[in-house]
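Please open the model in a viewer and keep the selection tool at hand. The tour proceeds from one selection to the next.

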Amino acid sequence: MGYRINGFYRGMFFPFVTTGGINSILFGVYGNHLRQLRRVCHSDYQREQLEYKNMFIAGSIAGFVQSFVACPIELIKIRLQTHHYYNKYIYGHKMTPFWMFKRIIKADGFSGLFRGLVPMMCRDVFPYGIYMLAYRYTTTYLDQTEFVQQRRRLRSEDDTQVDFVVTTLAGAWAGILSWVCVIPFDVVKTIMQAEENRQYRSIWHCLNKNFKRYGWRSLFRGSWMLVVRAIPFNAATFLGYEYALEWCHKYFQVQIKSSPKYY
């Protein structure tokens with residue numbers, strides 16, 4: 001109760017200033033790999049047949065790359081949040097992201113910044129393939145509905161080509177689908193990153209120990225909050241991405257080819 005409402009925002013500043021960079025890496029790697037995969041196709045027919053497969057592969061590669069950047073950021077955020085629960089100061093020092101960074105380096109070395117990397121890869125690699133695939137498939141489905149087509153017929157040429165409703169719904173649905181299957185890995189990642197005494201030797205050791213001690217329900221702690229969070233977060237992520245991409249096309253006068261619309 002001592003923190004009041006600001007207690008809900010512990011450790012917020014560090015992810016707030018880094019989330020944009022992480023998403024830039026994610027979508028940048030995804031877009032570049034998707035274009036490379038399209039180029040190796042010998043015909044438009046082959047490109048169309050392999051489009052969804054290529055999206056899944058490109059999304060998985062993007063998830064793999066961004067996990068190396070996101071892991072230290074997640075680690076510092078979780079340490080700040082869990083340590084703030086006990087005291088705002090520790091060993092006479094006020095806890096800041098930079099202080100926590102130095103503390104981790106001093107205690108565990110550079111490799112300590114990648115504590116929980118394996119469960120994070122399990123959470124991010126293939127699920128990001130599902131994430132991108134689900135978004136594209138949902139937008140394609142919604143684009144064919146009469147409601148969306150009627151909205152587009154009423155739109156003038158000067159209006160934005162980003163459909164707010166389609167992008168919001170598709171982003172929210174993609175976020176839900178990508179999260180529901182990886183909640184246990186996120187729980188394990190958080191447990192491994194929060195503790196400093198390294199009682200867990202590996203992801204499987206952590207899974208097994210918590211399963212035996214607390215039962216299978218412990219692997220789904222906070223699942224409802226993760227799903228609820230995924231709806232506005234991923235809707236906003238894709239809205240920001242689509243609007244930023246459209247603005248860049250106009251500002252830099254990039255000619256959009258007749259290849260698939262998204263990405």
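Begin by selecting Arg115 and Glu195, whose side chains form a salt bridge with an N to O distance of 2.3 Å. Arg115 sits in the loop between α4 (97–108) and α5 (117–143), and Glu195 in the loop between α8 and α9 (203–214), so this pair ties together parts that are 80 residues apart in sequence. Both Arg115 and Glu195 are buried. Note that the coordinates belong to a predicted model.

From Arg115, move to Leu75, which has Arg115 among its contacts. Leu75 belongs to helix α3 (residues 51–84). Its relative accessibility is 0%, so Leu75 counts as buried. Beyond residues up to four places away in sequence, Leu75 also touches Ile104, Gly112, Leu113 and Gln193. Of these, Ile104 is 29 residues from Leu75 along the chain, and the two C-alpha atoms are 9.4 Å apart.

Next, select Lys189 in helix α8 (residues 183–194). Is Lys189 buried or exposed? With a relative accessible area of 1%, under the 20% limit, Lys189 is buried. Apart from neighbours within four places in sequence, Lys189 contacts Glu74, Ile78, Gly116, Pro119, Met120 and Arg123.

Now turn to further salt bridges; the structure holds 12 of them. Side chains of opposite charge can pair when their charged atoms come close. Select Glu51 and Arg38, where the closest N and O atoms are 2.5 Å apart. Glu51 lies in helix α3 and Arg38 in helix α1 (residues 13–39), so the salt bridge ties together parts that are 13 residues apart in sequence. Glu51 is buried at 5% relative accessibility, and Arg38 is buried at 8%.

For a contrast in exposure, select Arg153 and Glu146, which meet in a salt bridge of 2.9 Å, N to O. Arg153 is exposed, with 55% relative accessibility, whereas Glu146 is partly exposed at 49%. Then select Glu74, Lys77, Arg123, Asp124, Asp186 and Lys189 together: salt bridges with shared partners join these residues into one network.

Finally, colour the spans that an unreviewed UniProt entry annotates as "transmembrane region": residues 12–30, 55–76 and 162–185. In the model, residues 12–30 are 95% helix and 0% strand, with end C-alpha atoms 27 Å apart. Residues 162–185 are 83% helix and 0% strand, and their end C-alpha atoms are separated by 34 Å.

Terms used. Residues numbered from 1 in each chain as written. Predicted model: local features only at pLDDT ≥ 70, side-chain atom pairs only at ≥ 80, totals over all residues. Heavy atoms only, no water. Helix = DSSP H or I, 4+ residues; strand = E, 2+ residues; numbered from the N terminus. Buried < 20%, exposed > 50% of the residue type's maximum accessible area, 1.4 Å probe, protein only. Contact = heavy atoms within 4.5 Å. UniProt positions renumbered as here; feature names shortened; annotations may be inferred. Salt bridge = Lys/Arg side-chain N within 4 Å of Asp/Glu carboxyl O.
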